[in-house]
Amino acid sequence: MTTVQRAADAALPSRAGQSEPTVRESGEAMREQHALLEVRNVSKRFGGIVANRDVSLDVPAGRITGLIGPNGSGKTTLFNSIAGQHPIDSGSIRFDGREISQLRTAKIARLGIVRTFQQTRVYRAMNCVQNMQISTAQSHETLASMLRKPSASVTERAEALLEFVGLRAKRLLPAGDLSFGQQKLLEFAMALMSGPRLLLLDEPTAGINPVLINGLVDRLKRANAEFGITLLVIEHNMRVIMNLASHIYCLAHGELLAQGTPAAIRRDPRVVDAYLGGR
Ligand SMILES: Nc1ncnc2c1ncn2[C@@H]1O[C@H](COP(=O)(O)OP(=O)(O)OP(=O)(O)O)[C@@H](O)[C@H]1O
Ligand SMILES: [Mg+2]
């Protein structure tokens, strides 16, 4: 049964006046109303620079949400705050109803939030399969698991995901020998290794040639539709984000400037101005 059906089932009896939902059922229905990720009034400054001011956004479970904005508008800073890479100055970040803004990076990763970086972070001297294996070791963050010989199931999963992103033929090549676009595909596959619930992708298509972009967009959609992974995607490529996301937030100068459907965002004069350097 889908979560939406479950919520509907929990709500229906009382609406029909037949019986009250149990505490557990009504609790479940309540939870369905929360977004998977809820960012509320988050502010973050670096010395005199206010990188994020009072930013609020929702990332609903099972959806692809976009985050756009001109250079320096605070997009990556928000990702760093969500992933626990630095403390926020004020506000709240809730994941699946739980406050995570005080938690450390490793704990947040264990809860199921995984992020990729604007600059790829692959181990250039290791081959693709080894990169995949080390990425799960890191997500569990114990020295024992880092040092343990990778189990067959980890290797199988690594190979299956490399196949999924179209890198099967390159799996035994050092990651440093891959093109930049292929490294981004590898990084995406590495992010999938731990089976995240929420994937934060920082400019996944930047620097990739148009042919690989189409393939990557297709894989992102499949990760969402087939693996059920919720995505929050930072993108500068408007064609890509309009095609991917069901809802888009736009930052400018660290503040939320606009939000809406791709169609609404595309014709929002504030967004157009921000990108043209107006505002
Ligand atoms: N660690 C840091 N120390 C000092 N200033 C920082 C730091 N990280 C970000 N900033 C500043 O915060 C502001 C927002 O930067 P951020 O990287 O979040 O923007 P962005 O929207 O991701 O930009 P881009 O599209 O270029 O990646 C910028 O003025 C940046 O210089
Ligand atoms: Mg950035």
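Reader: Which residues touch the most other members of the largest nonpolar core?

Author: In this predicted model, the largest nonpolar core holds 67 residues, and those that touch the most other members are Leu-186, Ala-189, Val-233 and Cys-250.

Reader: And which helix gives this core its largest share?

Author: That is helix α8, which spans residues 180-192 and supplies seven residues to the core, the largest share. As a general point, nonpolar side chains tend to be buried together in soluble globular proteins.

Reader: Okay, so what is Ala-189 in contact with, leaving aside neighbours within four places in sequence?

Author: Once those neighbours are set aside, Ala-189 is in contact with Met-132, Leu-161, Leu-162, Phe-164, Val-165 and Leu-167.

Reader: Switching to Val-154, where is that one found?

Author: Val-154 is found in helix α7, which covers residues 152-164. If neighbours within four places in sequence are left out, Val-154 is in contact with Gln-133 and Thr-136. The C-alpha atoms of Val-154 and Ile-134 are separated by 10.0 Å, and these two residues are 20 apart along the chain.

Reader: Why does Val-154 count as partly exposed?

Author: Val-154 has 19 other C-beta atoms within 10 Å, and because a residue needs 20 or more to be called buried and 12 or fewer to be called exposed, Val-154 is classed as partly exposed.

Reader: Zooming out, how many helices and strands are there in the protein?

Author: The protein has twelve helices and ten strands, and buried residues make up 35% of its 279 residues. Among contacts between residues at least 6 apart in sequence, 65% join residues at least 24 apart.

Conventions:
Residues numbered from 1 in each chain as written. Chains lettered and ligands numbered in written order. Predicted model: local features only at pLDDT ≥ 70, side-chain atom pairs only at ≥ 80, totals over all residues. Helix = DSSP H or I, 4+ residues; strand = E, 2+ residues; numbered from the N terminus. Contact = placed C-beta atoms within 7 Å. Core = buried A, V, L, I, M, F, W, Y, C linked by C-beta atoms within 7 Å.
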